[in-house]
Each structure stands twice: as structure tokens, then as C-alpha cells.
Amino acid sequence: MDSDLATKDLLNIKRVLDKLGIKFYLTYGALLGAVREKDWIPFDDDIDLSIIEPLTYRKRKEIGWAIYDIGFTTNNKITWNVFGRFESNEGGYQGDENTGIIACERNVPVSIFFFKENEYEPENYICIPKKDGVPVLSIPKKLFEKEEKIKFQGEMFFTPSPIKEYLEYTYGKTWKTPIKD
């Protein structure tokens with residue numbers, strides 16, 4: 001991943017989300033790189049952001065269109081879902097009123113995950129990145145109870161907290177050791 005282009009994409013999306021008043025978190029490989037490398041992980045291939053706050057379906061699509069308007073490509077198509085029904089991916093948002101994903105790209109792929117409370121495991125948030133899909137991501141709520149920020153690529157970003165506990169939850173006790181896969 002080209003570090004300069006990744007930074008440019010991240011900061012452009014940050015400006016969009018900040019302008020819309022959306023609180024988001026640097027997560028997964030982006031956060032791991034920010035903490036461990038103080039930069040992007042050279043062999044990472046995308047930028048991961050997470051939104052925990054409940055947003056309306058309309059607001060999620062608005063985010064996707066705003067990102068599209070600044071030059072990111074998104075999946076703005078109508079497709080068939082697994083139940084044979086038409087499904088609109090307006091603004092690149094895929095999901096329902098509670099959880100989903102925006103997958104977009106300008107210079108590098110970016111995933112914006114929208115989490116919701118998990119009714120079956122109330123201590124966790126979950127992300128289901130496709131309407132009528134199955135949960136693929138789960139994060140303990142306790143990691144979002146306190147606000148923490150870090151400086152990355154010259155800007156301040158919210159992170160799960162405590163950061164090291166999040167990284168251990170996500171990558172295991174060996175998160176400090178780079179693994180190319």
C-alpha cells in the first residue's frame with residue numbers, strides 16, 4: 001500500500017465524516033499500523049474505519065454519496081440479494097437500517113463498518129455487511145465506553161480504548177509481532 005496515497009484517502013474521508021458530524025474510529029489494520037509502526041503497515045492492503053453510533057439508513061447512504069462525490073468509487077448498483085430480491089446499494093452502502101458497510105476506493109480500498117448492538121450477546125457490537133447476511137465482525141462494547149484519541153498522519157483519530165486491549169482482542173497476544181499474512 002502506498003503510504004502517501006493511503007494518507008490522502010484517509011484524510012479525505014475524515015474531512016467528509018467530520019463535516020457530517022459522524023464520530024468514527026480507526027480500527028483493525030489501520031489502528032495496528034498507527035500504534036505498532038507509527039505508520040501504515042507496508043503489507044496491509046486497505047484502511048478500516050468503524051462507526052458505533054446508531055445512524056439512520058438515510059445518513060449511511062448520505063455518507064456513501066459524499067465519499068463518492070469526492071472521487072471514491074463505490075458499488076452504486078442494484079443487485080440481487082441471497083433471497084432473490086432486488087437490493088439497492090445506494091451510495092455504496094450495503095446493509096440495513098442498523099448495520100452494514102461502505103466499501104470504497106480511490107487510491108486504496110477503504111471499509112467503513114457500521115456496528116449495532118448485538119441482541120444475542122448484549123456485551124458486543126456486531127457488523128453484518130450485507131442485508132439479510134450473517135454477522136462477520138464482533139467487538140466488545142466495553143472498548144468504546146471511554147474515548148481515546150491518537151495522532152496519526154498528522155491528525156487526531158478516535159480509537160477503541162484501551163487500545164492495547166483492543167489490539168489483543170483483535171490480533172491476539174502477539175499483535176506487536178508483524179505477520180505478513
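In strand E7, Gly100 is the bridge partner of Gly95. Gly95 lies in E6 (residues 93-95), and three bridges join E6 to E7 in the antiparallel sense. Helices and strands here are DSSP runs, with helices (H or I) of at least four residues and strands (E) of at least two, numbered from the N terminus. Two strands are said to pair if DSSP finds at least two bridges between them. The connection from E6 to E7 is a hairpin of four residues.

Before I continue, a word on the basis of these statements. This is a predicted model, in which local features need pLDDT of at least 70 and side-chain atom pairs count only at pLDDT 80 or more, while totals for chains, interfaces and linings use all residues. Residues are numbered from 1 along each chain as its sequence is written, and side-chain values use heavy atoms, with hydrogens and water left out.

Which other strands pair with E7? One is E3 (residues 73-74), which pairs with E7 (residues 100-105) in the antiparallel sense over two bridges. Within that pairing, Thr73 stands opposite Glu105. Another is E8 (residues 109-114), antiparallel to E7 over six bridges. Glu105 appears here too, with Pro109 in E8 as its bridge partner. A hairpin of three residues leads from E7 to E8.

I turn now to helix H3. H3 comprises residues 57-69, 13 in number, and spans 18 Å from its first C-alpha to its last, close to the 18 Å expected at 1.5 Å a residue; the expected span is 1.5 Å times one less than the number of residues. Arg60, Lys61, Ile63, Gly64 and Ile67 of H3 are buried. They lie on the same side of H3 because they cover an arc of only 150 degrees around the axis, the arc being that of the directions from the helix axis to the C-beta atoms. On the other side, Arg58 and Asp69 are exposed. Buried means under 20% relative accessible area, exposed over 50%, and partly exposed in between, with a 1.4 Å probe and protein chains only.

What covers the buried residues of H3? The cover includes H1, strand E2 (47-51), E3, E6, E7 and E8. Just after H3, Gly71 takes a positive phi of about 105 degrees.

Finally, helix H1 (residues 3-19) contains Thr7. Thr7 is buried, at a relative accessible area of 12%. Leaving aside neighbours within four places in sequence, Thr7 is in contact (heavy atoms within 4.5 Å) with Trp40 and Gln153.
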